[in-house]
Amino acid sequence: MKNIVSIKNLSKIYDNNFQALKDINLDIKKDEIIALLGPNGAGKTTLISIICGIVIPTSGSVSVDDFDIIKDYRKTRSQIGLVPQELTLEQFEFVFNNVSYTRGLYGKPPNPSLIEKILKDLSLWDKRNSRINELSGGMKRRVLIAKALSHEPSVLFLDEPSAGVDVELRQEMWEVIKDLRNTGVTIILTTHYIEEAEAIADRVAVINKGELLVVDNTSDLVQSMGQKTLIIDLHDAVNSLPSKLDKYNLNVLNNGLSVSYNYASKSKQTGITSLLQDMKEAGLKLKDINTEQSSLENIFVELVREK
Amino acid sequence: MNFYAIRAIYLHEMDRMRRTIGQSILSPVISTSLYFIVFGSVIGGMIPELDGVSYGSFIVPGLLMLTLLTQSISNSAFGIFFPKFTGSIYEVLAAPISSLEIIIGFVGASASKSLIVGIIILLTASFFVELEIQYPLLMFFLLVLTCLTFSLFGFLIGLLSNNFEQLQVVPLIIITPLVFLGGSLYTIEMLPEFWQKVSYFNPVVYLINGMRWSFYGSSDISILISVLSLVAFTLACIIGVAIVISKGYGVKN
């Protein structure tokens, strides 16, 4: 699949000598949803701000649809929509006018019917003549999305789209994002909610302290780096485990009625067969067996801790 | 050239004027009317003619300049500072617009607002004093150039200001005293010789006298020097804005 955004050796050092990005290389494919995952201060917002033209890079290059973001800024920026993290709106303006204003800024002629469609898609049509300060937080965030879509971008950046948003609205937002992707818009979102990345992203890029730690398909990342946990329920509670089982590093759970065993899911020898054999020889009677896949969150914590 | 973007910024800023019509139009009209009532009619009635013009008529160009300067600076400074303050400046920075187009949009709207206020002030003045304009084209040229120049100056202030206090410092502490001490209500010749010399270092003296010459064909300073001073200040503002923008607008990291 064609790369729509290509980032090469990108670094950013702010005036106060803080290095926000360190030699980032990343290709973003057309029509995908990629999540930039990282803790606060990791460099996610700096990265998207550079691509959108708000922050000037110190070194490296970025191209959007093969156009350089600095030399050909008109061509790149006209393809990009940005939904910022903060609710940065002029509070006394009317919704319809404010969304139309953004379309004008991007060099597009007025198109009331398109703005009407966007507002209807985002359930904002009823509020078109309301002042922005009359809207709820969730509606304001949707206004920001409407503004970002008003000039029909092919790449949409969402900076922490569900920050401060309740569960219901977050799921609504995810549906909106998925629908947009289906219309051919490439989505790049920053988040520190693992759940969000896991729910909607095709790929995940983990950033910490300005460095790109890993980029992979969400499911592959979980598969390749994930650990699995085998939960074994016992017939009778145990106070302590036989010394024969020490090598498995089992954890006793549920007042001695269960034990858990961690293993690498991709490993050739998981040790499950020998564990079960040794448990049988130790006289433990098994009641039930379950496995659990470690979440993206565990992987993320592990990656950040390693650095 | 991104004409739609210029148009969008221009209309957006003009819409702000419509929303705050009391502050934008009524306030300068009321304060100027008070000047005409107090200085033009009440006190002016006791002052003999200056340069062959009644005192009420004499102060019209100075009061017009006072309004144009303060309005142009505050309109433009607020226009660019407010989106910086709310954070909505991001969409201007992220849009495919050049620095020149941003300036044309913001400064053009600010100058238009000041021009509208200036014309309303003139109409208001005509209700209080006898108004004659000997060189209307020159007067209009000076009116437009003053609005544009001081809107550029205000844009620069708005870019460099980090809070509302800084935004107010230049108009209140520098511009207003310079206008009052720049011969808006008197001729320079009325001052003691020492203060006359000091007044020539006040750039606003040249602006007020230029405007006064366009009204009555006489002033303390040659019209050529007045016009050249205004053009020089216009160029200084253009260079100032260009330097600030080349360093990141005061808003770009």
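1. A good place to start is the largest cavity, where helix 3 (95–105) of chain A, together with helix 1 (3–19) and helix 5 (89–94) of chain B, each supply at least two residues of the lining. Please keep in mind while reading that this is a predicted model. Helix 1 of chain B gives the largest share of that lining, three residues.

2. Here is the full lining, for anyone who wants to display it. From chain A come A:E90, A:N98, A:Y101 and A:K147. From chain B come B:H12, B:E13, B:R16, B:P83, B:S88, B:E91, B:V92 and B:F106. Sorted by class, the lining has five charged, four nonpolar and three polar residues. The space inside the largest cavity is about 80 Å³, and a search of the whole structure finds four cavities of 30 Å³ or more.

3. Among the lining residues, A:E90 deserves a look of its own. A:E90 sits in the loop between strand 6 (80–83) and helix 3 of chain A. Is A:E90 buried or exposed? With a relative accessible area of 5%, A:E90 is buried, because the cut-off for that class is under 20%.

4. Which side chains does the side chain of A:E90 meet in polar contacts? One is the side chain of B:R16, at 3.2 Å, and another is the side chain of B:S88, at 3.5 Å. Leaving aside residues up to four places away in sequence, A:E90 touches A:I132 in chain A, and B:H12, B:R16, B:F82, B:P83, B:T86 and B:S88 in chain B. It is worth viewing this list beside the cavity lining, where B:H12, B:R16, B:P83 and B:S88 also appear.

5. Next, the cysteines. How many disulfides does a search of the whole structure find over all chains? The count is zero. B:C147 is in no disulfide, and the nearest cysteine sulfur, that of B:C237, is 13 Å away. Likewise, B:C237 is in no disulfide, with the sulfur of B:C147 as its nearest cysteine sulfur at 13 Å. The cut-off for a disulfide is 2.5 Å between the sulfur atoms, so this pair does not qualify. B:C147 is buried, at 1% relative accessible area, and B:C237 also counts as buried, at 2% relative accessibility.

6. Two backbone angles in chain A may catch your eye. A:D31 is not a glycine, yet A:D31 has a positive phi of about 70°. A:D31 lies in the loop between strand 2 (19–29) and strand 3 (33–37) of chain A, and is partly exposed, with a relative accessible area of 31%.

7. The second case is A:D65, which has a positive phi of about 55° although it is not a glycine. Where is A:D65 placed? A:D65 is in the loop between strand 4 (59–64) and strand 5 (67–68) of chain A. With a relative accessible area of 22%, A:D65 is partly exposed.

8. Finally, a loop residue of chain B. B:E49 is found in the loop between helix 2 (21–43) and helix 3 (55–58) of chain B. B:E49 is exposed, with a relative accessible area of 56%. Along the chain, B:E49 and B:G118 are 69 residues apart, and their C-alpha atoms are separated by 25 Å.

Key: Residues are numbered from 1 along each chain as its sequence is written. Chains are lettered from A and ligands numbered from 1 in the order in which they are written. Side-chain values use heavy atoms; hydrogens and water are left out. On a 1 Å grid over the protein atoms alone, a cavity is a set of points where a 1.4 Å probe fits but cannot get out, and a pocket is an open set with protein on both sides within 12 Å along at least five of seven lines; lining residues have an atom within 4 Å of a point. Grid points are joined across faces, edges and corners, and a volume is the space filled by probe spheres set on the points. Helices (H or I, at least four residues) and strands (E, at least two) are DSSP runs, numbered from the N terminus. Ala, Val, Leu, Ile, Met, Phe, Trp, Tyr, Cys and Pro count as nonpolar, Asp, Glu, Lys and Arg as charged, and the others, Gly among them, as polar. Buried means under 20% relative accessible area, exposed over 50%, partly exposed in between (1.4 Å probe, protein chains only). A polar contact is a pair of N or O atoms within 3.5 Å; within protein, one must be able to donate a hydrogen and the other to accept it, and residues adjacent in sequence count only if both atoms are side-chain atoms. Contact means heavy atoms within 4.5 Å.
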